[in-house]
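Me: Please take a close look at one strand of this model and describe how it is placed among its neighbours. I would like a connected account rather than a list.

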Amino acid sequence: MDLTRDEQMMQLALAEAKKAASLGETPIGAVLTWDGEVLTTAHNLRETGKMATAHAELLAIEEACRKLGGWRLHRAVLYVTLEPCPMCAGAIINARIPRVVYAAADKKAGCCGGLIDLFAAPFNHIPQVTAGVLKEEAQQLLTDFFTQLRQKPRPRRKLQDFMPKQKPENYGV
Ligand SMILES: [Zn+2]
């Protein structure tokens, strides 16, 4: 099967999504190309990093800025397996990324038309969007992940799980 360049890059993003799943993270992966060549790859690390902003797209953008030594990603294409959320869509605008390619749509949080279309607003930068590239594979990864999660419910945490493990040194006698 001959894959288009978009499909090839999305396959790399899907491989990243699988890395996230193996860590117990929601399987979302991203690839950022510069002049058509892969510059950075990343996957969702929200649970591992205990960090609300550790989305695949944001990590790929941050690493690209570090590698390039600048914030203007005007020759980049961002590939991501799930439609970007408001935070990541905002980062895409701020980084001046000219083109975004995503796989599965996200009706709950997607900002390329899934929930709202942030790129239809008159910001100073409007990326071009290609949707649905390898969407079946991306959707299947997400479906499998959430099915597994429901089969293995996490134990309910008790109050003492949130308390300090050791008493502070100045705690009485
Ligand atoms: Zn996001």
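Reply: In this predicted model, strand β3 (residues 76-82) runs antiparallel to strand β1 (residues 29-34), and five bridges join the two. Within this pairing, A30 of β1 faces V80 of β3, and L32 stands opposite L78 in β3.

The pairing of β3 with strand β4 (residues 99-104) is parallel and also spans five bridges. Here L82 is the residue that stands opposite A104 in β4. The connection from β3 to β4 includes helix α3 (residues 86-94), and together β3, α3 and β4 form a β-α-β unit that is right-handed.

These pairings belong to an open sheet of five strands, ordered β2-β1-β3-β4-β5, with mixed pairing. At its edges are β2 and β5 (128-130), each of which pairs on one side only. Neighbouring strands of the sheet are turned against each other by 20° on average, direction ignored. Helix α1 (residues 5-22) packs on this sheet and touches β1, β2, β3, β4 and β5; the direction of α1 makes about 140° with that of β1.

Beyond β1, the sheet continues to strand β2 (residues 37-43), which is antiparallel to β1 and joined to it by six bridges. L32, the residue opposite L78 in β3, also stands opposite T40 in β2. β1 and β2 form a hairpin with two residues between the strands, in which D35 takes a positive phi near 50°.

As for its surroundings, β3 is mostly covered, with seven of its seven residues buried. Two residues of this strand, L78 and Y79, are among those with the most contacts inside the largest nonpolar core, which has 44 residues. The others named for this are M10, A13, A30 and A60. Elements giving two or more residues to the core are α1, β1, α2 (56-68), β3, α3, β4 and α4 (135-151). In soluble globular proteins, nonpolar side chains tend to be buried together.

L78 shows how these elements meet at one position. Setting aside neighbours within four places in sequence, L78 is in contact with A30, L32, E57, A60, I92, I97 and V100. Of these, A30 and A60 are also named among the core residues with the most contacts inside it. A30 and L32 lie in β1 (residues 29-34), E57 and A60 in α2 (56-68), I92 in α3 (residues 86-94), and V100 in β4 (residues 99-104).

Key
Residues are numbered from 1 along each chain as its sequence is written. This is a predicted model: local features need pLDDT of at least 70, side-chain atom pairs count only at pLDDT 80 or more; totals for chains, interfaces and linings use all residues. A residue is buried if 20 or more other C-beta atoms lie within 10 Å of its own, exposed if 12 or fewer, and partly exposed in between; C-beta atoms are placed from the backbone. Helices (H or I, at least four residues) and strands (E, at least two) are DSSP runs, numbered from the N terminus. Two strands pair if DSSP finds at least two bridges between them. A crossover is right-handed if, with the strands pointing away from the viewer, the path from the first strand over the helix to the second runs clockwise. Axes are lines fitted to C-alpha atoms, for helices over the stretch in contact, and angles run from 0 to 180 degrees between N-to-C directions. Two residues are in contact if their C-beta atoms, placed from the backbone, lie within 7 Å. A nonpolar core is a set of buried Ala, Val, Leu, Ile, Met, Phe, Trp, Tyr and Cys residues joined through C-beta atoms within 7 Å.
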